[in-house]
Each structure stands twice: as structure tokens, then as C-alpha cells.
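The following exercises concern strands, their pairing and backbone geometry. Please study the sequence and the structure before working through each solution.

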Amino acid sequence: MKKLLAVLLIAFVYTGVNAQYYYNPQINAGENPGGINTDSEFPNGGGLDASWSLILATQTTPTWSSQQTIPFAFEFNGDTVSSYYVSTSGVLTFSSNPGNAPGYQNSNLPEVSIPDSSICVWGLEPIGANDDIMSKTFGSAPNRQHWVFFTSYGHYGAGSTAWTYWSIVLEETTNNIYIVDQRTGNTTTALTLGIQIDFSTYLEVAGSPNIANNAGTDETPNDNSYYEFFPGTRPPIDLGVTEFQMAPFLDNNNAPFAIDGKIINFGADTVTQFTLSYQVNNDPPVSANITGVSIPTNGSYNFSHPTPWAPATSGNYTIKLYSSLPNNLPDTINYNDTLLSSTTVLDTLINKKVVLEEGTGAWCGYCPDGAVVVENILASNNNVIAVAIH
């Protein structure tokens, strides 16, 4: 399981009355939801895999696409829906009569220009010739995901050199909805993320209408973040291990090794205690009861297991780290309880040295300047750099 690198604390907010969804932020997740979409993030016709389908090419005014078919059974707010429209302003709606497409300038939800039964990455705006809306379905039944991908888009108020990639994802069986922050350059976004069931029932991500991108320019999912929208009400107990990673190589002379990471409380109840365990290969688990904490909804807790790991011998190890019994109760959601990390323990770990070569000669008028640069590098890195001069 991929490490979640640095999950940002974002307060959970219900806006409106009796909203039928709740959301969890997965900031800097380092993967797409479920990990089944591993495609590179490029423009249509500029590197994007040819298996994606064009929904709507770039437009100069806010425009709805033609009606699109969902390739599997899906429910929105408890009702079965089979098709959708998507606008160039970043709104996907299940409404059968959406009216005029919302404008590019976004604001808080609720908003009268947003149709009922809509998902919003509102504030996107096509600004270039290859700013297209694409779709693709990943996975196998009954666990497929249908992706609606805004490729190489801009956003309201951004300059002509700005570009940003976001997706709305519908998931089979779970009926979960994901908004995925994939790739951005030359700008910082200011978007409205959320769901509007109707004008009195809605849910927006805290910080809207100024949600900034977390993903950078990496064309892979390695820097992606996403927001999970779950149908129903937030369970009272749901604790997740969101960060844990051992170094790929460890020197056994430095043992024991700390087991550090991060916990997020995705449940509605404040967590005051939990059990933290790790298991190395097939050895018995090492467990500890963590008490004296107070982790609110979507709050985080950085932990260090009270018992560090002392490998008996060098070798390859897989470590499973997991939480259980938050507030001494069974955890309602189990898929996010566990993270795995692999490492190799060596008898002695030799530090690598960087070789810096400087080439010079009587013909080189710039070489004296190069020698000064080399000396400056050595002054701050003389314990790791070797120099070859010729």
C-alpha cells in the first residue's frame, strides 16, 4: 500500500441542512483513489493515452456536453442515475434538464446557477486549444471507476500560461464520488469543490471557493491528492493510518529503529485512545495502547510506537502497521487501518559519495570561475564529495 505522504489537516464541514454525504480529504496521497488509474496526465493529443474518449473539446463560453452514459449502475443521494452532463466550468450534473451552464466565476455553494444533483470542481475554465474533457472507465466489475478528466485546463482569473488537471470519479458498488487534484503549473487554483443536492442540501470542501491545488507538475499520480465523498452519514468510529514509511536500507548498527507515522480520525467521535500494532514478516505483532490523546474529526496525530524495532539479523523485511480499537470499540471502516512498508537491513551501510569532476586547461577562460564554484561546494559538502581534476 502506498504511503500517504503528508495528509493535511482540513476541518470537516457540513454546510446546509441534512446533507446526505460526508467527505474526507486525502491530501498528498501520492496515488489515485483505489490505485487503479495509473495513466500519465497529459493533454489530449499531447501524450494522453489514446484509450481516453473525448466528451467535449475546448469552448470559449460555458457549455454543457452532450448527455453521457454511466457504464455501470450508480446511485447519487440514494437515487439511481444512468447519465450525466458535464460543463466546461467544472460541474457534472445528473439533472435531466440542467439549463444554462454555470459561469466560469465560482463562489460558495449553494448557488442558483448550479443544477440540482451536481458535483463541482467549479471555477475551471478552458483557455487553450487542447483544453478538453475526457472520460475513461478503469477496473473490472463490480469495482469499476468512471473518470471525467479536465485535461490541461485553466481556471477563472488565471493567466494564459496557467494549466491544471482535475477529475471527477464515480465508483461502482460503493457509490463513492472522488474529486482528484492531479497536476498544476504556472498558477495556484481557487476552486469550489463539493456536492449540491439542491439549494438547501449541499456539502462543500472547507476553504471553497478558494481551494488551492496540492499537486504539482508531476505527470504521474505520485503527487496527487483527492477528496472522498461518501453517501450516508459519517460513522462514529473510523481511525486510519495515513503515513508510515521505513527507509529502503537500514544499518543494523543503528538499531533499534523508530516506528513513526500519522493517524487521521475519519470518524465523528473524538478519539481518546487506540491500539497501535506492527508486525514484521510473520513474527508476532507488537502492540501498544495509546492513551491521553484527543483527535477530533479529520484531526491528525503523529505517533512513534513505544517499542522500536530491533532486527535480529540483516535481511529483507516487510512491516505491517495498523490501528485498532479506537475508543476501545471496533473500527467501522477497516480498509484504511493498515499500511505496509518494506526495507532491507544491512550489517553495515556504506554512505555513497558523489564524484564531482572539474575539467580545465589553458584554453579555458571560464575554468578559474569553475574552480571557485567547486571550492564552495566542497566547503559545505566535504564529507560526501570527492573531486577529480584533470
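**Exercise 1. Locate Thr 173, state whether it is buried or exposed, and describe its phi angle.**

Step 1. Thr 173 is placed in the loop between β11 (163-171) and β12 (177-185). The model in which this is seen is a predicted one.

Step 2. The relative accessible area of Thr 173 is 53%. Exposed means over 50%, so Thr 173 is exposed.

Step 3. Most residues other than glycine have a negative phi. Thr 173, although not a glycine, has a positive phi of about 75 degrees.

**Exercise 2. Carry out the analysis for Ser 152: where is it, and is it buried or exposed?**

Step 1. Ser 152 belongs to strand β10.

Step 2. Its phi is positive, about 55 degrees, although Ser 152 is not a glycine.

Step 3. The relative accessible area of Ser 152 is 11%. Buried means under 20%, and therefore Ser 152 is buried.

**Exercise 3. Describe the peptide bonds that precede Pro 142 and Pro 256, and locate both prolines.**

Step 1. Most peptide bonds are trans.

Step 2. The bond from Ala 141 to Pro 142 is cis, with omega near 5 degrees. Pro 142 is found in the loop between β9 (132-138) and β10 (145-155).

Step 3. Ala 255 and Pro 256 are also joined by a cis peptide bond, and its omega is about 5 degrees. Pro 256 lies in the loop between β17 and β18.

**Exercise 4. Describe the open sheet that contains β21, and then the surroundings of Phe 303.**

Step 1. Strands of a sheet pair through backbone hydrogen bonds, either parallel or antiparallel. The open sheet here has three strands in the order β16-β18-β21, and their pairing is antiparallel.

Step 2. The edge strands are β16 (239-243) and β21, each of which pairs on one side only. From one strand to the next, the twist averages 35 degrees.

Step 3. β18 (residues 260-265) and β21 pair over five bridges. One pair of bridge partners is Asp 260 and Ser 304, the latter in β21.

Step 4. Phe 303 lies in β21, which covers residues 300-304. Phe 303 counts as buried because its relative accessibility is 5%.

Step 5. Leaving aside residues up to four places away in sequence, Phe 303 touches several residues, among them Asp 260, Lys 262, Leu 276 and Leu 321.

**Exercise 5. In which sense does β23 pair with β17, and in which with β22?**

Step 1. β17 (residues 249-251) and β23 (residues 338-346) pair in the parallel sense over three bridges. Leu 250 has Val 345 in β23 as its bridge partner.

Step 2. β22 (residues 315-324) and β23 pair in the antiparallel sense over eight bridges. Here Lys 320 stands opposite Leu 340 in β23.

Note on methods: Residues are numbered from 1 along each chain as its sequence is written. This is a predicted model: local features need pLDDT of at least 70, side-chain atom pairs count only at pLDDT 80 or more; totals for chains, interfaces and linings use all residues. Side-chain values use heavy atoms; hydrogens and water are left out. Helices (H or I, at least four residues) and strands (E, at least two) are DSSP runs, numbered from the N terminus. Buried means under 20% relative accessible area, exposed over 50%, partly exposed in between (1.4 Å probe, protein chains only). Contact means heavy atoms within 4.5 Å. Two strands pair if DSSP finds at least two bridges between them. Axes are lines fitted to C-alpha atoms, for helices over the stretch in contact, and angles run from 0 to 180 degrees between N-to-C directions.
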